[in-house]
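Here is a note for a colleague who has not yet looked at this structure. The points below go through it part by part.

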Amino acid sequence: MAANCYFDNASTSFPKPPEVAREISRYLCEVGGPYGRSAYPRALEVSRTVEAARDRLAQLLGTSRADALVFTPNATTAINIVLNSVLAQGGHVLISPLEHNAVMRPLTALQARTAIRFEKLAAAPDGRIIVADIKKHITPQTRLVIINHQSNVNGVIQPIQLIKEAVDDIPILVDASQSAGSSPIAVDEWKIDFMACTGHKSLLGPTGTGALFMRHPQTIEPLVYGGTGSASESFAMPEFLPDRFEAGTGNVAGIFGLLAALEHRPLPRHTRQDFLDFLCSLEKIPGYQIFRAAEAENQGSLISLRHSGQDAASLGNALFQRFGIEVRVGLHCAPLAHQSLGTFPTGTLRLAVSPYHCPADFEQVRYALQELTRS
């Protein structure tokens, strides 16, 4: 079997299960038809498939409320729906120190036109939130708590259930872009109010697919208005789900592919211990600083690193030119995380694994990084 040299899975996963392309092609070449807008057999098959994908994703996320899960083009759109509604009148927002620009840019835009104020929660050096200190940050104006479940810079996994318990009835928005599909999620058990996820990362689905869970959707206004194929006699958006938040024709081909990904998840070619041993082996190479969770149990499936004598961009280019290893370098669209971890403005080199990596692939990376220190 050829080596898997693709380690940029935190950007988008590759490869996908072969069934993903097969189902996208089947929709485009054989099934066709709209979702939720007609009643002939072809259209009914499309509607059944989309709803099957919704049910399957809800099950994976740990919620019995598939009716409260709406499809979006990506997690960024899902996040914007929540922020532009909950914070329309301003307020105080608590965030983790490892937020992505999918959160920081809409918050900054809202701050420019409404009276919002956002504040970082206290955290350990690796960015994991100190739950005992959360209540110190809550004010009477606190309207929302936003938590990146798994950092896309160092892979730290946040204790969502404990955070929700600490903030009590203040709504919590969880960005599960990196964790959905690779880390356990229990939306109902953790009493999560809002969760945004994307289909093209650890879920192994196609780009252009995402979802938003809303425990109380009646508190949220749509971000986009338009046709839904339902209540067409009215100029107002329908009040019922999912139509209220799924205006326009969605990415039906992508959802066919997403369902295939959910139904055909590959067995991992490495164990959790293989991955942890890989991280430990990298820490033993002189000259490298590894950015990861302080405790192994809080570590997701990616890490970042930098070298004392080479910048991340040069290191990443050398990895590809000499060894064919593909990685992400820079700030990873998360400057706040880098500021919090002390790697701003140069950023890091990121390694993000998938179920398709085996121990031999890890060894190839370790060998390559060690060789580059000898150059």
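Notes on the predicted model

1. C333 is found in the loop between β10 and α9. The model is a predicted one. C333 has a positive phi of about 60 degrees, although C333 is not a glycine. With a relative accessible area of 38%, C333 is partly exposed.

2. H332 lies in the loop between β10 and α9 as well. H332 is not a glycine, yet its phi is positive, at about 55 degrees. Is H332 buried or exposed? Its relative accessibility is 1%, so H332 counts as buried. As background, most residues other than glycine have a negative phi, and most peptide bonds are trans.

3. Two cis peptide bonds can be checked in the model. One runs from L241 to P242, with omega near 0 degrees; P242 sits in the loop between β7 and α6. Another runs from F344 to P345, with omega near 10 degrees. P345 belongs to the loop between α9 (335–341) and β11.

4. Next, a sheet of 7 strands. This sheet is open, its pairing is mixed, and its strand order is β1-β7-β6-β5-β4-β2-β3. At the edges are β1 (69–72) and β3 (116–120), each of which pairs on one side only. From one strand to the next, the twist averages 20 degrees. In general, the strands of a sheet pair through backbone hydrogen bonds, either parallel or antiparallel.

5. Within the sheet of 7 strands, β4 (residues 142–148) and β5 (residues 172–175) are paired in the parallel sense over 4 bridges. Opposite I146 stands L173 in β5. Parallel pairing also joins β2 and β3, over 5 bridges, and the bridge partner of G91 in β3 is I116.

6. How many residues of β2 (residues 91–95) are buried? The strand is mostly covered, with 5 of its 5 residues buried. Both faces are covered: G91, V93 and I95 are buried on one side, and H92 and L94 on the other. A helix lies across another part of the sheet: α2 (residues 41–61) crosses β1, β6 (194–198) and β7 (210–214), and runs at about 115 degrees to β1.

7. The largest pocket holds about 580 Å³ of space. Its lining has 30 residues, and F71, E246, A247, G248 and G250 lie nearest the pocket's centre. At least two lining residues come from each of α2, β1, α3 (75–86) and α6 (252–263). Which element gives the most to this lining? That is α2, with 4 residues.

8. A sheet of 4 strands follows. This sheet is open and antiparallel, in the order β8-β9-β11-β10. Its edge strands are β8 (288–291) and β10 (328–330), and each pairs on one side only. The twist averages 25 degrees from one strand to the next. β8 and β9 (residues 302–307) pair in the antiparallel sense over 4 bridges, and I290 stands opposite L305 in β9.

9. Helix α7 packs on the sheet of 4 strands, where it touches β8, β9 and β11 (348–352). The direction of α7 makes about 10 degrees with that of β9. Helix α8 lies across β8, β9, β10 and β11, and runs at about 45 degrees to β11.

10. Turning to aromatic rings, a search of the whole structure finds 5 pairs. In one of them, the ring centres of F278 and F362 are 4.7 Å apart and the planes stand at 15 degrees, so this pair is stacked. The pair links distant parts of the chain, since F278 is in α7 (residues 272–283) and F362 is in α10 (residues 359–372), 84 residues apart. Both F278 and F362 are buried. F275, F278 and F362 form one aromatic cluster.

11. What kind of pair do the rings of F323 and Y367 form? Their centres are 6.2 Å apart and their planes are at 90 degrees, so the pair is edge-to-face. F323 lies in α8 (residues 312–323) and Y367 in α10, so the pair ties together parts that are 44 residues apart in sequence. F323 is buried, with a relative accessible area of 15%, whereas Y367 is partly exposed, with a relative accessible area of 37%.

Key:
Residues are numbered from 1 along each chain as its sequence is written. This is a predicted model: local features need pLDDT of at least 70, side-chain atom pairs count only at pLDDT 80 or more; totals for chains, interfaces and linings use all residues. Side-chain values use heavy atoms; hydrogens and water are left out. Two strands pair if DSSP finds at least two bridges between them. Axes are lines fitted to C-alpha atoms, for helices over the stretch in contact, and angles run from 0 to 180 degrees between N-to-C directions. Contact means heavy atoms within 4.5 Å. Rings of Phe, Tyr and Trp (its six-membered ring) pair if their centres lie within 6.5 Å; planes under 30 degrees apart count as stacked, over 60 as edge-to-face and the rest as tilted. Buried means under 20% relative accessible area, exposed over 50%, partly exposed in between (1.4 Å probe, protein chains only). On a 1 Å grid over the protein atoms alone, a cavity is a set of points where a 1.4 Å probe fits but cannot get out, and a pocket is an open set with protein on both sides within 12 Å along at least five of seven lines; lining residues have an atom within 4 Å of a point. Grid points are joined across faces, edges and corners, and a volume is the space filled by probe spheres set on the points.
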